[in-house]
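This report walks through one chain, from model confidence to salt bridges, rings and selected residues. Please keep the structure open while reading.

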Amino acid sequence: MPKDFLKERMVEFPRNVIAGHDVLPNVKDICVNIHSGRTGTIITGENTDKAAGRAVKDYLEGYDIDTCITGNATIDNIEEVENRIKEYGSTFILAVGGGSKIDIAKIVSQNLNLPFISIPTSAAHDGIASNRASIKSDKGSKSIEGASPMGVIADTSIIFKAPYRSLAAGCADVLSNFSALNDWKLAYNLKDEEFSRSAYSFSHFAAESMMDAVDYIKPNLEESVWLAIKPIIVSGISMSIAGSSRPTSGSEHMISHTIDMKYPGRAMHGEQCGVASIITLYLQKEDWEEFKHALVKIGAPTKASELGLSDDEFIDAVCEAHKIRKDRYTILGNKGIPREDVEDICIRTGVI
């Protein structure tokens, strides 16, 4: 088979994607469209239940709906939710919340072979419509494959009420696709890694669309959520097409995961990916300055200190990031970047 053959795989896309102001009432129609019975479970948290979970249950008049309040996406919580769903006899799942609740739904949906609907209450990263789930443990977070949502309902009037910081982080996460895609091309050219033109195109379109919108994404504007949510959803779909996180996760995500392991809880995932991308784009000889300017426009961090990290902590994370995924070739190489070079780049780019 020639090297330029780009393998495409069979994927399942969301059947219904609805985004806009006050679209939550459409949940009943989507439940009807997925043809999965009338007994369901809402996976949510205490705050997100108040934000949207209770409203979802009210809109599903005539359905038998259980509400399962849970926490972070850990193995223990996943098992607990699974057991509850099996005991209740649910035939479909509604994930109402941020990333952790949707991630739990992805894994439970796959394990129990039940369809789920993604109903985000914030847009802090691009996992809303993807099949990738981030599972947390004492050793950090791990990305694994789960189920793709059968439907997505992104109500901008609800997402708008989440802190703007979350939206800015989600925008930065999608913008970091530029770095991830450069790494993917590098791995394809040097290591003959499996590549999907369709997944690449979706991810690149999402990043370009976000870049085009940065001048208009500002706090206290619901229109900002509308502009950002579409690229965030498209970015997630690119992962489902690829069957991995490759279109949206490269060296910049490896740096972010290293920060999570060494210095947990300092900043949000998308914020870390944004700052890390300034470094990786520099290494890739791409326009890191334009990227950094885009982060400034949306109000996302551009410095290690804005992530709650000291200069040495951030440098350490970059130096050790190549160890995170040895199966994934990136601009960091197999041996990483010398510390003195990392420090010099961080100074040149203003990250420290």
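Contact here means heavy atoms within 4.5 Å. With that cut-off in hand, start at helix α13. The model is predicted.

**Helix α13 and its cover**

Helix α13 spans residues 311-320. Its buried residues are Glu313, Phe314, Ile315, Ala317, Val318 and Cys319. Which helices are included in what covers them? Among them are α10 (251-262), α11 (269-283) and α14 (339-349).

**Confidence**

The protein chain has an average pLDDT of 94. A score of at least 70 is reached by 96% of the residues. Residues 1-8 need care in reading: their pLDDT stays under 50. For that stretch the model has 15 contacts beyond four places in sequence.

**Salt bridges**

Side chains of opposite charge can pair when their charged atoms come close. How many salt bridges does the structure hold? The count comes to 12. Three of them are tabulated here.

| Pair | Closest N to O distance |
|---|---|
| Lys106 and Asp103 | 3.6 Å |
| Arg266 and Glu313 | 2.9 Å |
| Asp316 and Arg339 | 2.4 Å |

Take Lys106 and Asp103. Both sit in helix α4, residues 99-112. They are 3 residues apart, so about one helical turn separates them. Are these partners buried or exposed? Lys106 is buried, at a relative accessible area of 0%. Asp103 is buried too, at 6%. Buried means under 20% relative accessible area, so both values fall below the cut-off.

Next comes Arg266 with Glu313, a salt bridge with its closest N and O atoms 2.9 Å apart. Arg266 lies in the loop between α10 and α11, while Glu313 belongs to helix α13, so this pair ties together parts 47 residues apart in sequence. Arg266 is partly exposed, with a relative accessibility of 33%. Glu313 counts as buried because its relative accessibility is 19%, and the cut-off for buried is under 20%. Glu313 also appears among the buried residues of α13.

The third pair also involves helix α13. Asp316 forms a salt bridge with Arg339, closest N and O atoms 2.4 Å apart. What does the pair link? It links distant parts of the chain: Asp316 is in helix α13 and Arg339 is in helix α14, 23 residues apart. Helix α14 is also named in the cover of α13's buried residues. Asp316 is partly exposed at 23% relative accessibility. Arg339 is likewise partly exposed, at 34%. Asp312 joins these two: Asp312, Asp316 and Arg339 are linked in a network of salt bridges.

**Aromatic pairs**

A pair of aromatic rings is described by the distance of the centres and the angle of the planes. The structure holds 5 aromatic pairs. One of them is Trp184 with Phe195: the ring centres are 4.6 Å apart and the planes are at 40 degrees, so the pair is tilted. Where do the two residues lie? Trp184 is in helix α7 (residues 177-191), and Phe195 is in the loop between α7 and α8 (197-213). The pair therefore ties together parts 11 residues apart in sequence. Trp184 is buried, with a relative accessible area of 2%. Phe195 is buried as well, with 10%. Ring pairs extend the picture to a cluster of Trp184, Tyr188, Phe195 and Tyr200.

**Helix α9: a patch and a buried serine**

Helix α9 covers residues 222-242 and contains Leu227. Ser238 lies in α9 as well. Leu227 is partly exposed, at 30% relative accessibility. Together with Tyr216 and Trp226, Leu227 makes a nonpolar surface patch of about 300 Å².

Ser238 is buried, at 0% relative accessibility. What does Ser238 touch, leaving aside neighbours within four places in sequence? Its contacts are Ala199, Phe202, Ser203, Pro247 and Thr248.

**Strand β3**

Thr67 lies in strand β3, residues 64-69. At 18% relative accessibility, Thr67 counts as buried. Setting aside neighbours within four places in sequence, Thr67 is in contact with Ile42, Thr44, Asp49, Lys57 and Arg84.

Conventions
Residues numbered from 1 in each chain as written. Predicted model: local features only at pLDDT ≥ 70, side-chain atom pairs only at ≥ 80, totals over all residues. Heavy atoms only, no water. Buried < 20%, exposed > 50% of the residue type's maximum accessible area, 1.4 Å probe, protein only. Helix = DSSP H or I, 4+ residues; strand = E, 2+ residues; numbered from the N terminus. Salt bridge = Lys/Arg side-chain N within 4 Å of Asp/Glu carboxyl O. pLDDT = per-residue confidence, 0-100. Patch = residues over 30% accessible without salt bridge, like charges linked within 9 Å, V, L, I, M, F, W, Y side chains within 5 Å. Areas by Shrake-Rupley, 256 points an atom, 1.4 Å probe, with all protein chains shown as cover. Phe/Tyr/Trp six-rings, centres within 6.5 Å; stacked < 30°, edge-to-face > 60°.
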